[in-house]
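Biologist: Please take one part of this model and look at it closely. I would like to know what surrounds it and how its rings are placed.

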Amino acid sequence: MEKRYYTFNRFLRERFGGPVYKIPLAAALGCPNRDGTVGSNGCVFCDNRAFSPFVEQDFSITEQIRRFKAGRRQKGRYIAYFQSYTNTYGPVARLRRLYEEALADPEVVGLSVATRPDCVPDEVLDLLESYTGRWMVWIEYGLQSCHDETLERINRGHDFAAFADAVNRTRGRGIYTGAHVIIGLPGESAEEVLETAQALNTVGVDGVKLHQLQVFRGTPLAADWEAGKVRTLEAGEYVSLACDFIETLSPRVVILRLVGDVTDDALLLSPRWGVSKAEVIAAIDRELERRGTRQGSRLPGGSV
Ligand code: SF4
């Protein structure tokens, strides 16, 4: 059954006519919000070990791709996804070597680069643009919230204007832009979460990745959670807010992800919902069905 929102699978099917899988890659490029350039402590929630399988291992890009493929039964086409830390942080020559090592694989049909919006000089955009004739190229900008007070609270080290500027400089280059958003950030109301959806409509991104606030062992957020200063959402609360977000988001924006998962559950302190990612997605689908709404329903002219 067709979903009530624009899935990444549908987007890929429309362009490639069949399934395409993302290969998560770690390029050891570091992060300016951790090495003292922008900040030293990183974003309060950040622990890259929690969401990337290769982040602490010293495998080349080629070896990471080989291992990923070896773990799959079916052959397919792939998007090389530079996921961990800040994947535009480095000299252009080094970035070129890394990206082109991935693109050299004949089954790789696309490149996706996750980064900070304050870390994309025009030379890096020029490099990524140079691939767009042959490969699908995405830049996924970490944003999390459109509210500067929230960004400060979670120690992002950049403001919303930096994000809008990065998206504007990326536009017109044939590069798809994505935004990462966290639902349930400390101090944010439901209305503020929906204002982020509206801000993304206004700035004009191509895709959004949603996930729940998660508290990982050893992060600054963990200390606040343990002290009772921060809470995470219950599964039902997340489902409801995610549906509200989808209804507020323009139907032309691809939903790249609806809920976060972790590769090492031992690191996760909260929330521990005890349900799989697939079950949360199914609950979101059921809730939209129950409401009779879909992506963009809350917008002027949206069909409720
Ligand atoms: S979330 Fe991203 S920007 Fe923030 S500290 Fe971690 S790697 Fe850096």
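Modeller: Phe-163 touches Pro-117, Tyr-141, Leu-143, Ala-179, Leu-200, Val-203 and Val-205, leaving aside residues up to four places away in sequence; contact means heavy atoms within 4.5 Å. This is a predicted model, in which local features need pLDDT of at least 70 and side-chain atom pairs count only at pLDDT 80 or more, while totals for chains, interfaces and linings use all residues. Residues are numbered from 1 along each chain as its sequence is written, and side-chain values use heavy atoms, with hydrogens and water left out.

Phe-163 is also among the residues with the most contacts inside the largest nonpolar core, which has 67 residues. A nonpolar core is a set of buried Ala, Val, Leu, Ile, Met, Phe, Trp, Tyr and Cys residues joined through side-chain atoms within 4.5 Å. Buried means under 20% relative accessible area, exposed over 50%, and partly exposed in between, with a 1.4 Å probe and protein chains only.

Phe-163 shares helix H6 (residues 160-170) with Phe-160, three residues away, about one turn of the helix. Helices (H or I, at least four residues) and strands (E, at least two) are DSSP runs, numbered from the N terminus. Both Phe-160 and Phe-163 are buried. Their rings form a tilted aromatic pair, 5.7 Å centre to centre with 35 degrees between the planes. Rings of Phe, Tyr and Trp (its six-membered ring) pair if their centres lie within 6.5 Å; planes under 30 degrees apart count as stacked, over 60 as edge-to-face and the rest as tilted. The structure holds 14 aromatic pairs.
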